[in-house]
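Notebook open, structure loaded. I'm jotting down what I look up as I go.

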Amino acid sequence: MEPFRFHLFVCTQQKPEGVPSCPANGSFAVLDVLDRETQARGLSDDVQLTTCGCMGLCDEGPVMVVYPAGVWYRRVKPSDVSEIVATYLGDGKPVERLVWNDAPAMKAMAVEHADKFRAAMAARDKAGMLPDRLEQMIRSYMPSRCILTALELDLFTAVGEGADAEHIGAKVHADPRAVGMLLNALVALGLLAKSGNDYKNTPDSARFFVQGSKDNHRNGLLHTANIWHRWSTLTDAVRTGTRVPIDRDDTRDWTRNFITGMQRNAKDRAPLVVKALGTAGIRRVLDLGGGSGAYSIAFAKASPDVRCEILDVPEVVPLTAEYVRQAGVSEQVSLRSGDMLQGDFGSGYDIIMLNAICHMFSEEQNRDIFCRAHRALAPNGRLVVQDFILNPDKAGPQHAALFSLNMLVATDAGATYSEPEYTQWMKAAGFSDVCRINLPGPSGLIVGRVTSN
Ligand SMILES: C[S@@+](CC[C@H](N)C(=O)[O-])C[C@H]1O[C@@H](n2cnc3c(N)ncnc32)[C@H](O)[C@@H]1O
Ligand code: FES
């Protein structure tokens, strides 16, 4: 059975630098063009494009095999793709100059490769060498730090339409030799291109990292850069059990970067949450720690009958007001300055939302918020927690487990929590029908209802 007319496998096996491989010869670029060309020619439903691991023919890469006919292509370049798609995928004629059909030679090469690979692995194992995957995990801070430093210096903006290290260094007020080293590393990471002494932004860098570009994420990512400094205190935080002071002036622009970062995460997610909850019968929503207002804005846009109140700290509320005004929903969304850790929330709400809030607080603080939320909800009203939810054993999913440490280094008593914990706290606060709603992406919802008597 063949569900597709053509099934293309393109090898994308990553190998250590210097070892021949399909990605080193450009297989990702080939894959990218294949995807675009098949779409452009309306072949997406006929062609299934799949990445695959090493086929043992690495010196001849990028290698691609097409089924059901079993046609093997080697040394495919992005510039060959259009011809392959137009001829072979169009009328079934293989592009002969790229076809490799010497089966005995291919098999001999693959077997020799497999033998060498096994022997090398056995020798490394015997010598007690650190496996590549551990090396890579340990050193993964290096690329991360390069990008964050470039963002902190606003280097991508300084690169602009293209310049040399001296000009870029002068623009960012940094040492030209060191800037040159950073620029070269960014080229090696695929975030800049170099021609002679000049550096240029790649399309992704120009789109996402340059100030003034429509999809610029720099301000939100500067929050990640701030958090990076906190992560370097992890060892002391684990020793002491809470965040430790850091010797750095990271409070400048902290709030704005933080809320920009929150908005970046929330704006696409908010409509999904609103859809999962529904708007039928919803009149009043309380958005605790509403930050950028993304969730209230999504509710207001989903239904003209909904009125939302956002409660946030005084230094954030003016920023929230900007987002609400820009979204054109000021009539439906009102703002309140305050501290959600104390006082009454009011009464008669149909929904109280805690989006990305509970991880900032301790178990006791969350239990207390849940109890006050229960009192503030109307009969049948719902408390909604959106967060990174840990498995019952708390050892996964990976993002939720890592994020717990994010909260250890950044807060007094925050952590991520498991579904059984949230369920237990909600029930203890008086909620019933407690259930989990899974969403695409790393966070999920836990929802509890106030039973009407
Ligand atoms: C992680 S952000 C989440 C923002 C928003 N709910 C979202 O998902 O995009 C936490 C928000 O809670 C606010 N916040 C933190 N402590 C607070 C408190 N004690 N009272 C009110 N708001 C608080 C922060 O200012 C921030 O806007
Ligand atoms: S890396 Fe592609 S065939 Fe080996």
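How close do the axes of H1 and helix H2 (residues 78-91) come, and at what angle do they cross? I get within 9 Å and roughly 40°. Before going on, some housekeeping: this is a predicted model, where local features need pLDDT of at least 70 and side-chain atom pairs count only at pLDDT 80 or more, while totals for chains, interfaces and linings use all residues. Residues are numbered from 1 along each chain as its sequence is written, chains are lettered from A and ligands numbered from 1 in the order in which they are written, and side-chain values use heavy atoms, with hydrogens and water left out.

**Entry: H1 and H2, continued**

My axes are lines fitted to C-alpha atoms, for helices over the stretch in contact, and the angles run from 0 to 180 degrees between N-to-C directions. Helices (H or I, at least four residues) and strands (E, at least two) are DSSP runs, numbered from the N terminus. H1 and H2 are therefore oblique to each other; the bins are under 35 degrees for roughly parallel, over 145 for roughly antiparallel, 65 to 115 for roughly perpendicular, and oblique for the rest. I noted the crossing of H1 and H2 as right-handed, meaning that the near helix is turned clockwise from the far one by less than a right angle (anticlockwise would be left-handed). For contacts (heavy atoms within 4.5 Å), the H1 side includes Val30, Val33 and Leu34, and the H2 side includes Val81, Val85 and Leu89.

**Entry: Ser27**

I then went to Ser27, which is found in helix H1 (residues 27-40). Ser27 counts as buried because its relative accessibility is 0%; the scale is buried under 20% relative accessible area, exposed over 50%, partly exposed in between, with a 1.4 Å probe and protein chains only. Setting aside residues up to four places away in sequence, I found Ser27 touching Val10, Cys11, Thr12, Cys22 and Pro62.

**Entry: whole chain**

I zoomed out for the totals. The chain has 17 helices and 16 strands, and its C-alpha trace spans about 80 × 60 × 50 Å along the principal axes. Of its 453 residues, 42% count as buried. Among contacts with a separation of 6 or more, 67% come from residues 24 or more positions apart.

**Entry: two sheets**

The four-strand sheet is open, in the order E2-E1-E3-E4, with mixed pairing; two strands pair if DSSP finds at least two bridges between them. Its edges are strand E2 (47-52) and strand E4 (71-73), each pairing on one side only. I got an average turn of 20° between neighbouring strands there, direction ignored. Strand E3 (residues 64-67) pairs with E4 in the antiparallel sense over three bridges, and Val65 has Trp72 in E4 as its bridge partner.

The three-strand sheet is also open, ordered E5-E7-E6, and its pairing is antiparallel. Strand E5 (163-164) and strand E6 (192-195) each have a single partner strand, so one side of each is left without a neighbour in the sheet. E5 and strand E7 (residues 198-201) run antiparallel, joined by two bridges, and I see Ala163 opposite Tyr199 in E7. Helix H8 (residues 176-188) packs on this sheet, touching E6 and E7, with its direction at about 110° to that of E6.

**Entry: Val210**

Val210 sits in the loop between helix H9 (203-208) and helix H10 (218-231). Val210 is buried because its relative accessible area is 14%. Beyond its neighbours within four places in sequence, I listed its contacts as Phe156, Thr157, Asn201, Ser205 and Asn216.

**Entry: cysteines**

How many disulfides does the structure hold? I count zero, taking a disulfide as a pair of cysteine sulfur atoms within 2.5 Å. For Cys308, the nearest cysteine sulfur is that of Cys358, 18 Å away. Cys308 counts as buried because its relative accessibility is 1%. For Cys435, the nearest cysteine sulfur is again that of Cys358, at 15 Å. Cys435 counts as partly exposed because its relative accessibility is 36%.

**Entry: H15 and H17**

Last lookup: the axes of helix H15 (residues 363-376) and helix H17 (residues 419-429) come within 9 Å and cross at roughly 45°. H15 and H17 are therefore oblique to each other, and H15 passes H17 in a right-handed crossing. I noted Phe370 and His374 among the H15 residues that meet H17, whose own set includes Tyr422 and Trp425.
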